[in-house]
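Please look over the model below. A short report follows, with one topic under each heading.

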Amino acid sequence: MRTLILGLGNPILSDDAAGLQAARQLYELVGGEDIDLVEAAVAGMQTVQLLSGYDRAVIIDVMQDEARVGEVWRLDSDELENVSSTSSHGIGVGQALRLARLMGLPVPEQILIYAIAAADTSTFGESLTPKLRQALPAIVRRIAADLAGPSSQG
Amino acid sequence: MTEAKVETRRISIDPITRLEGHGRIEIFLNDEGDVENAYFQVPELRGFEKFCEGRPVETLPVITARICGVCPEAHHMCSTKALDAVFKVEPPSAAKKLRELLYSAFYVADHATHFYALGGPDFVVGPDAPAAERNIVGVIGKVGMEIGGQVLNALAATHEVVAMLGGKYIHPTCGLPGGISKGLTEEERAKVEEIAKAAIEFGKLTIKIVDDVVLANKDYVDLILSDTFAHQTYYMGLVDENNHPNFYDGQLRVVDQQGKEVAKFPPSQYLDYIGEHVEPWSYLKFPFLKQVGWNGLTDGPSSGIYRVAPLARLNAADGMATPLAQAEYERFYSTLGGKPVHATLATHWARVVELVYAAERLLELSQDPEITSTNIRTIPTETPGEGVGVVEAPRGVLIHHYWADENALAKKVNLIVGTGHNNGAIAMSINKAAKGLIKKGTVVSEGLLNTIEMAFRAYDPCLACATHSLPGQMPLIVSIYDSQRNLIQSLRRD
């Protein structure tokens, strides 16, 4: 089974880089012959192009939530698919997946989406805020456990 | 918000949960329940200038491309051109053509994305359709799977051209002061040529959809031409020696409300022509024409507010440089009542005219005998200094201005982005749309709110340039406040 670990985020926007860093650390932890790592800062159809050809994908991104910094949620891609587009540009990951399936494009059967709660994603800088930095290894272990466990099969 | 002492009620479109790139529309009502004023606010990214200071100036094309996950190519290209100026170096002709080729492919992809995924749903699915259907999935449901497939193919193919030259998927790294890091082999050139031909066919298809879906529907045409969505402003665009729009290079030309040229200048002189007004309620500045002056958020000849982006580029030009685009340009103006067109919603059609031009230009460049040349770099030898770079980003004139010390470390950077130029116009458009659509006793319905959103979506504003996060789009919340600033209604749009 070919797995893609996809980190999304902006590497120069403080905590916004958490998804990229978590993806990298996850890859170091579980990476192997059948696992690839991609770091990107994109949404929508381009994400689908990146996912194409894999059986399983792990997408790690960031949500601004100062009250719960360091926590991580696993989102169901169905939840995202129901979100409509009001964006000025770019379409959501969920909508892109829905579109890709509609068009019969090859998307992974299993897509695990993780959102890491972050404190500051709007100040230019190359380091995470301290609390999130400390929490990152545990977040990575949690995702790695999901990948190894039965929950990843569904 | 600043505490202005006005008796108003307020409607606010504001996200509760910031996922990424949230925008907020605030609408104040007066005692009669009419709209007093409306504001559009975008989130602030902080500390960019400081982040850049002291870094090697030649790293800025990669850093500035990171500002935005949507148009990294525009920042990369603009930054690379600013470096040409900083290092006082002229790229070889083939390098300029390769840059423009990459940029043309990017334009096809970006304009297509906007037309089919963002602007299109309002028309193809309809402004009153449920939000859940007003998206690209809804568009394809309407136009059919076959066309849907062609849209996706066009996007994938033009992204492939960008990656071919850009060197790195999504964020190009090919721009160097004095040139470009990679050329095209004959095999790659042939591939680009093939993609360009398909892109032109895709452009024709898109014109047909404009015809069949938008122009054939009188209600839509009336909506586009309605006074609610019109502003008599100045227009600015980058033009070539024939006053045709050029996305990569040229002079900045400004026309007035009648389409008459009032300024034309090399981009390096932008500070002589463009001033920036500051309002307390917005972190984004409001650029205006210095020769006219700032006269508040109002249109007309005495207001220095100007517009950029597709509609402005067409208005500021005398025609298009390629045949199909020129034909569509002529039809655009004859259909909409002559030049210039002030109807903001016509921007969507203008974007299609430009899509066709970008595809035709891509083909021209792919067939240029020089395009496979290996002479693609002039090595800088001068001591670096100050430099300005300008391109037309899809969202309008993009200016990068750098100051470097003699060791080529950045001392200062100044960026004016497309959304910045349009800031005053966007504020006016939302204000006017809100005033036209919210009257005494009117219940603010979903379709009504979307119509207000349509007023700013036409500008394709770049909101914090960070659309990658989940769900990768901008949630909006509408809160309505009465004249005592009490919340009377709040509507959320995810």
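Which residue of E14(B) does Ile399(B) stand opposite? The partner is Ile416(B). Keep in mind that this is a predicted model.

## The three-stranded sheet of chain B

Strands E12, E13 and E14 of chain B form an open sheet, in that order. The pairing is antiparallel. Two strands sit at the edges: E12 (386-393) and E14 (410-416) of chain B. Each of these pairs on one side only. From one strand to the next, the twist averages 15°.

Strand E13 of chain B covers residues 396-404. Six bridges join E13(B) to E14(B), in the antiparallel sense. A helix also lies across part of this sheet. Helix H3 of chain B, residues 72-86, crosses E12 and E13 of chain B. The helix runs at about 150° to E12(B).

## Domains of chain B

The domain assignment splits chain B into three domains. Domain 1 takes residues 9-43 and 443-493. Domain 2 takes 90-230 and 343-374. Domain 3 is 231-342.

Domains 1 and 2 of chain B touch, with ten residues from domain 1 and twelve residues from domain 2 in the contact. On the domain 1 side, helix H15 (residues 446-457) of chain B gives the most, with seven residues. By class, that side of domain 1 of chain B has three nonpolar, three polar and four charged residues.

## Chain A overall

Chain A has five helices and five strands. From the N terminus on, the order is β-α-β-α-β-β-α-α-β-α. The chain is 154 residues long, and 54% of them count as buried. Take the contacts in chain A between residues at least 6 apart in sequence: 75% of these join residues at least 24 apart.

## Ala118 of chain A

Where is Ala118(A) placed? Ala118(A) belongs to strand E5 of chain A, which spans residues 110-118. Is Ala118(A) buried or exposed? Ala118(A) counts as buried, because 28 C-beta neighbours lie inside 10 Å. The cut-off for a buried residue is 20 or more.

Leaving out residues up to four places away in sequence, Ala118(A) touches Asp15(A), Asp16(A), Ala18(A), Val62(A), Met63(A), Gln64(A), Val69(A) and Leu132(A). Ile60(A) is 58 residues from Ala118(A) along the chain. The C-alpha atoms of Ile60(A) and Ala118(A) are separated by 13 Å.

Terms used
Residues are numbered from 1 along each chain as its sequence is written. Chains are lettered from A and ligands numbered from 1 in the order in which they are written. This is a predicted model: local features need pLDDT of at least 70, side-chain atom pairs count only at pLDDT 80 or more; totals for chains, interfaces and linings use all residues. Helices (H or I, at least four residues) and strands (E, at least two) are DSSP runs, numbered from the N terminus. A residue is buried if 20 or more other C-beta atoms lie within 10 Å of its own, exposed if 12 or fewer, and partly exposed in between; C-beta atoms are placed from the backbone. Two residues are in contact if their C-beta atoms, placed from the backbone, lie within 7 Å. Domain bounds come from an automatic or database domain assignment. Ala, Val, Leu, Ile, Met, Phe, Trp, Tyr, Cys and Pro count as nonpolar, Asp, Glu, Lys and Arg as charged, and the others, Gly among them, as polar. Two strands pair if DSSP finds at least two bridges between them. Axes are lines fitted to C-alpha atoms, for helices over the stretch in contact, and angles run from 0 to 180 degrees between N-to-C directions.
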